[in-house]
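I opened this model to look up one residue and one strand, and I kept my notes in the order in which I went through them.

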Amino acid sequence: MLPGGSRVISVSVDGTAKLWQIGGTGKSTLQRTFEVGSQGLSVAALPDGDRFVVGLNNHEIRLYHVNGPRVHTFLGHTDDVNALAVTRDDQGAQCIVSGSQDTHVK
């Protein structure tokens with residue numbers, strides 16, 4: 001869930017990520033589909049509410065802006081990226097933490 005509580009990002013093995021708007025009646029509306037190119041295995045929202053990261057089965061982590069294209073690709077794992085979290089360090093900088101089938105946390 002993105003900060004603010006009214007939007008959610010989902011990922012799928014069909015190679016897409018989807019941005020959903022949650023309505024007051026409990027219904028959700030698809031706002032946007034992102035073609036991520038590989039099977040999405042994990043997703044995490046950044047605290048700014050405007051960006052999110054997707055962990056893929058091609059060993060990549062991709063950063064997207066909710067209103068635009070891919071912003072950046074992070075490389076370094078050698079197997080599926082199946083866990084993601086976003087946190088802040090002691091100086092307030094946002095940090096992406098990833099876990100992979102390669103047994104490494106980065």
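**Notebook: a strand pairing and a residue**

I began with the strand pairing, bearing in mind that the model is predicted, and found that strand β4 (residues 40–45) pairs with β5 in the antiparallel sense over 5 bridges. Within this pairing I looked up the partner of A44, which stands opposite V53 in β5. I then followed the hairpin of β4 and β5, where 5 residues lie between the strands and G49 takes a positive phi near 75°.

Next I turned to the other partner of β5 and noted that 5 bridges join β5 to strand β6 (residues 61–65), the two running antiparallel. V53 appears again here, since I found V53 opposite L63 in β6, having already noted A44 opposite V53. β5 and β6 also form a hairpin, with 4 residues between them, and in the turn H59 has a positive phi of about 80°.

How many of the residues of strand β5 are buried? I recorded 5 of its 6 residues as buried, so that I entered the strand, residues 51–56, as mostly covered.

My last entry concerns T16, which I located in strand β2 (residues 16–22). Is T16 buried or exposed? I entered T16 as buried because its relative accessible area is 7%, which falls under the 20% cut-off. For its side chain I noted a polar contact of 2.6 Å with the side chain of D14. Leaving aside neighbours within four places in sequence, I listed the contacts of T16 as S10, V11, T33, F34, E35 and V36.

Definitions and conventions
Residues are numbered from 1 along each chain as its sequence is written. This is a predicted model: local features need pLDDT of at least 70, side-chain atom pairs count only at pLDDT 80 or more; totals for chains, interfaces and linings use all residues. Side-chain values use heavy atoms; hydrogens and water are left out. Buried means under 20% relative accessible area, exposed over 50%, partly exposed in between (1.4 Å probe, protein chains only). A polar contact is a pair of N or O atoms within 3.5 Å; within protein, one must be able to donate a hydrogen and the other to accept it, and residues adjacent in sequence count only if both atoms are side-chain atoms. Contact means heavy atoms within 4.5 Å. Two strands pair if DSSP finds at least two bridges between them.
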